[in-house]
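Thank you all for coming, and please have the picture in front of you while I talk. I will go slowly, and I will explain each term when it comes up.

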Amino acid sequence: METHGLLTGSVNGDPAEYGSLPGRERAGAPRRKSSGRGSLSVSGPPCGAERGSDAEELYIQQAVVLIEDAVQYRSINHRVDARSLRLYRWYYSRICQWGLGLAIAVVLLLAFVERPSSLSISSDPRHRVPAWEPPCGFTESIEMLCLIVFALDLAVKGYLIGWEEFRKNKWLIAYTVVISFSVIDWVLSVSMACDEKFRVRRLLRPFFLLQNSSMMKKTLKCIKRTLPEIASVILLLALHLCLFTMIAMLLFAKSEDPKKNGEWKLHFRDLPSSLTSLLVLLTTANNPDVMNPAYSLNRAYSIFFITFSMIGTYCLMNLLTAIIYNQFRGYLLMSVQTSIIRRRLGIRAAFQVLSCQGAQQAAEDRVAVDLVLRVMFRVQMKSYYRKAITEEVQKHADVAFMDREAFRKIFDELDKDRIKEHPPLPVYNSLVLQRLQMVFSHYFITILGNVVALANVICICTILVLNAEKSTAERDSNIIETINICFILYYLFEVCVKIFAFGWKGYLSYRNNIFDCFLTFLLLVLQITIFFTHRLLNSHGDPSFEASMSLWEMVRLINMLIVFRFLRIIPDIKLMALVASTLLDLVKNLRAFAGILLVVYYVFAVFGIWLFEGAIKPPPEMSLISNTSMENITSNYSVQCGTYEQLEYWPNNFNDFAAAIILLYDVMIVNNWQAFIEVYSRHTTEWSKIYFVCWWLTSSVMWVNLFVAVILENFIYKWDRSHSCSVTDVERIRYETSVQFMFREQIQEPTEEELLCQLNRHPHLHLHW
């Protein structure tokens, strides 16, 4: 009888992370004898036995999957019979993962279409036209298709790891509960003809994004472990706020003289308003407004507000940032350590599989070079890593075999920075062409191009200043058009000579050249369009001639592209190039942080719609007036300065999902966020302040500080790596910075005993000592 068991446990002790490892064996088959430190019996015939091509193919397929899991930091914990391996590789194929990602994106985007719909040009209730509402069943049908995809995803994952591991996996159990609850809520929606007020399943949709990202799970786990330390500082911050609130209420109590009650009336009338005023002052959003009434009476009152800000804003808030950075960095380092162990374990298991398959005798502990090359040919990984590893393997071709240490070292290429080698310069036979090539390939050409681009921007800026007060009819677009033609021709000349000097492949191997070339040809196309539409078709200068875009609009578009093209100087200044590459890496590799922020935004936006949809309605006379300033509104409607109504914040509301997202962003920035707190507490209840304070703590205090910590770590890593590099080296080295790379120097490599101990924990890996 053949068993297809699964591997219990995981590398990091968290069953949520599953990956791959060989696992089945034939009942009664002899196990491999101990050799050296230990040996391993994997699925298929035992080492040293007669085997057919099917068994050899299975060993190779197992090794391929193990190496792919090591590359992707997946833990080794799934079935490895031939059919399961095919299913596993199909599941992790690009098309399958893209399909799953598309389903997650679609189900999240449904919130913009569902009632209340966000499909309107403006969110301002004063002149918003009724948004298109989808018919009942439209979004529900799309959502059900996505739920079917998620159910299939759950079924495949459950099959690959097996029931024993499935019931230990909290994430997969939660996945089952969320899908089941979503289906039940979906059935209720359809049965109620889509007229229900609360769609509870909308709150659960972000879970699909969380469970599909192992890095987001790690980040969430790190945040959870960091919360106790953060809570202690927030408690100290709350104590500071309460203490100064009591002092403020005593200091600015109501007096008999109405002229001295300005501070009391505006900010410290009661406990909720006092707490709110000082909480907003903690973020400096209402400074110096909150101080002015008392400060105008006696300048000594400023001591109270300055002391509060110095202790709270500059000491405690910055202390909170330091604690978050320190604690989160430590926990993230621990999480990254488990990823490295997972990679080393996958490589170690792959070696054991291949050595078992290729050994002529059971005592041999090595693997054939040609076998490793066959495996690497089938492994799905980035081409430059495959090339580097293959080259390292071929260095052992003279001895035909690789031992365990050599096999491990070839995969060290995965941990190295990618060095981008530019193609060699083309060879010209003519001496004149060689001289020209030497001139045009010189770095001076790039410097000259930057100077010309700067001169072009200065010309545009000068003309904009001269035309600032002129109407469109008074502006002379011919002058700037002529200037632009001259500069565009130079840009085209620069592109051509660089292509001549470096060749097509060499020219396109520089990212800034691709940027230059694209914008240059786009500018050229726009300039040719202007020539045909405004010169040839309107050669007589007929003022009544109308084109799809006016001459000034097209010239404006060209000017914007020219200004954007000036960013070409960034790669030529080392510090700017370093900062720009840091930002790019944040976008590419730190998606887990953005994903968690998206989840928090989504949940708070749904709650905000439930709590505050339609709470703020403009006065009837204002709804008849569109795009009118407050001073022109009839005198029977007066508003207090600095309020939601006076600032005309009407588009910022919770009337639909898109508007809720923008309002939450405005509160996260904390500029004038007191206006939102005040208006919603006035139109609903004082308890609404809790919602906004919770959002401020989650987004501005927690997440922004986490993001600052990651930016610091990323920048310090890249600064240390490129401190001794020249500008050219910064261009050549592609620092593909992942979180694992950032902490690479602090990570401890697992020992052979630790790896074998991990392998020995699995019921289908049999180690003998």
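What follows is a walk through some helix pairs, a salt bridge, a few loop residues and a surface patch.

Before we begin, please note that this is a predicted model, in which local features need pLDDT of at least 70 and side-chain atom pairs count only at pLDDT 80 or more, while totals for chains, interfaces and linings use all residues. Residues are numbered from 1 along each chain as its sequence is written, and side-chain values use heavy atoms, with hydrogens and water left out.

Let me start with helix 2 (residues 82–91) and helix 4 (residues 138–166), whose axes come within 11 Å and cross at roughly 140°. By helix I mean a DSSP run of H or I with at least four residues, numbered from the N terminus; axes are lines fitted to C-alpha atoms, for helices over the stretch in contact, and angles run from 0 to 180 degrees between N-to-C directions. Helix 2 and helix 4 are therefore oblique to each other, given that angles under 35 degrees count as roughly parallel, over 145 as roughly antiparallel, 65 to 115 as roughly perpendicular and the rest as oblique. Contact means heavy atoms within 4.5 Å, and the residues of helix 2 that meet helix 4 include Tyr88 and Tyr91, with Tyr159 and Leu160 among those on the helix 4 side.

Helix 4 also takes part in a salt bridge, that is, a side-chain nitrogen of Lys or Arg within 4 Å of a carboxyl oxygen of Asp or Glu. Arg201 pairs in this way with Glu143, their closest N and O atoms being 2.7 Å apart. This pair links distant parts of the chain, since Arg201 is in helix 6 (residues 201–204) and Glu143 in helix 4, 58 residues apart. In total, the structure holds 23 salt bridges.

How are helix 13 and helix 14 oriented to each other? Helix 13 (residues 369–378) and helix 14 (residues 383–394) pack at about 175°, with axes 10 Å apart, and they are therefore roughly antiparallel. Their contact involves, among others, Leu373 and Phe377 of helix 13 and Ile389 and Val393 of helix 14.

Now to the loops, where the peptide bond from Arg115 to Pro116 is cis, with omega near -5°, and Pro116 lies between helix 3 (94–109) and helix 4. Another cis peptide bond joins Asn287 and Pro288, with omega about 5°, and Pro288 sits in the loop between helix 10 (271–282) and helix 11 (292–297). That loop also holds Thr284, which has a positive phi of about 65° although it is not a glycine.

Finally, Tyr443, Phe444, Ile447, Leu448 and Val451 make a nonpolar surface patch of about 440 Å², and Phe444 belongs to helix 17 (residues 443–466). Patches are made of residues with over 30% relative accessible area and no salt bridge, with like charges joined within 9 Å and nonpolar side chains (Val, Leu, Ile, Met, Phe, Trp, Tyr) within 5 Å; accessible areas come from the Shrake-Rupley method with a 1.4 Å probe, and for residues only the protein chains shown count as cover.

Terms used. Helices (H or I, at least four residues) and strands (E, at least two) are DSSP runs, numbered from the N terminus.
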